[in-house]
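Colleague: I should like to learn how to read the main features of a structural model. May we go through one together, feature by feature?

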Amino acid sequence: MKNYTLILTLLFSFTLYATAADYDNDPIKTLLAFDAIPAITKPQFVPAASAKLDTDAPVIGVTFNDESHAYSLYLLNGHEIVNDVVGGEKIATTW
């Protein structure tokens, strides 16, 4: 129990020294290199009945000029951007 008290005391003491000015001077820390997450540039689609997704799987749906595309959020978690053409319109879908 003494170890937890010491750790909590140290953490609390540290937060007393942190000020808004400290945060303003912090440099931005980049975790991934530029373009480290590739966009999907040539998406391929299957009919909804053939898609290997659960019926309640989350998707982003886009419809233009009577053409619809759906993008799985599970797939977008790894890519974040899809560049596509839907109904003759160039679009970028982001997550």
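Modeller: The discussion below moves from the overall fold to the core, the loops and the pocket. Please bear in mind that this is a predicted model.

Colleague: Let us begin with the fold. How many helices and strands does the protein have, and which pattern does the protein follow along the sequence?

Modeller: There are three helices and four strands. Read along the sequence, they are arranged as α-α-β-β-α-β-β. Among the contacts with a separation of 6 or more, 35% join residues 24 or more positions apart.

Colleague: How should I read burial, and which residues form the largest nonpolar core?

Modeller: In soluble globular proteins, nonpolar side chains tend to be buried together. Here, buried residues account for 15% of the 95 residues. The largest nonpolar core consists of eight residues, namely I40, V62, Y71, L73, L76, V82, V86 and I91. Both α3 (73-79) and β3 (81-86) supply at least two residues of this core. As for the surface, the protein exposes about 8,300 Å², and carbon and sulfur atoms supply 60% of that area.

Colleague: Let us take one core member. With which residues is Y71 in contact, leaving aside neighbours within four places in sequence?

Modeller: With that exclusion, Y71 contacts F45, P58, V59, I60, V62, L76, V82, D84, V86, I91 and T93. Of these partners, V62, L76, V82, V86 and I91 also appear in the list of core residues.

Colleague: Next, the backbone. Which phi does D66 have, and is D66 buried or exposed?

Modeller: D66 has a positive phi of about 65°, although D66 is not a glycine. D66 sits in the loop between β1 (59-64) and β2 (67-72). D66 is exposed, its relative accessible area being 80%.

Colleague: Where is E80 found, and what is its relative accessible area?

Modeller: E80 belongs to the loop between α3 and β3. E80 too is not a glycine, and its phi is positive, at about 70°. With a relative accessible area of 34%, E80 is partly exposed.

Colleague: Finally, how does one read a pocket, and which residues lie nearest the centre of the largest pocket?

Modeller: Rolling a probe the size of a water molecule over the atoms shows where empty space is left. In this model the largest pocket holds about 510 Å³ of space. Its lining comprises 18 residues, and V46, A51, L53, A70 and S72 lie nearest its centre. β2 gives the most to this lining, with three residues. By class, the lining has 14 nonpolar, three polar and one charged residues.

How values were computed
Residues numbered from 1 in each chain as written. Heavy atoms only, no water. Core = buried A, V, L, I, M, F, W, Y, C linked by side-chain atoms within 4.5 Å. Buried < 20%, exposed > 50% of the residue type's maximum accessible area, 1.4 Å probe, protein only. Contact = heavy atoms within 4.5 Å. Areas by Shrake-Rupley, 256 points an atom, 1.4 Å probe, with all protein chains shown as cover. 1 Å grid on protein atoms, 1.4 Å probe; cavity = no way out; pocket = protein on both sides within 12 Å on 5 of 7 lines; lining within 4 Å. Points joined across faces, edges and corners; volume = space filled by probe spheres on them. Nonpolar A, V, L, I, M, F, W, Y, C, P; charged D, E, K, R; others polar.
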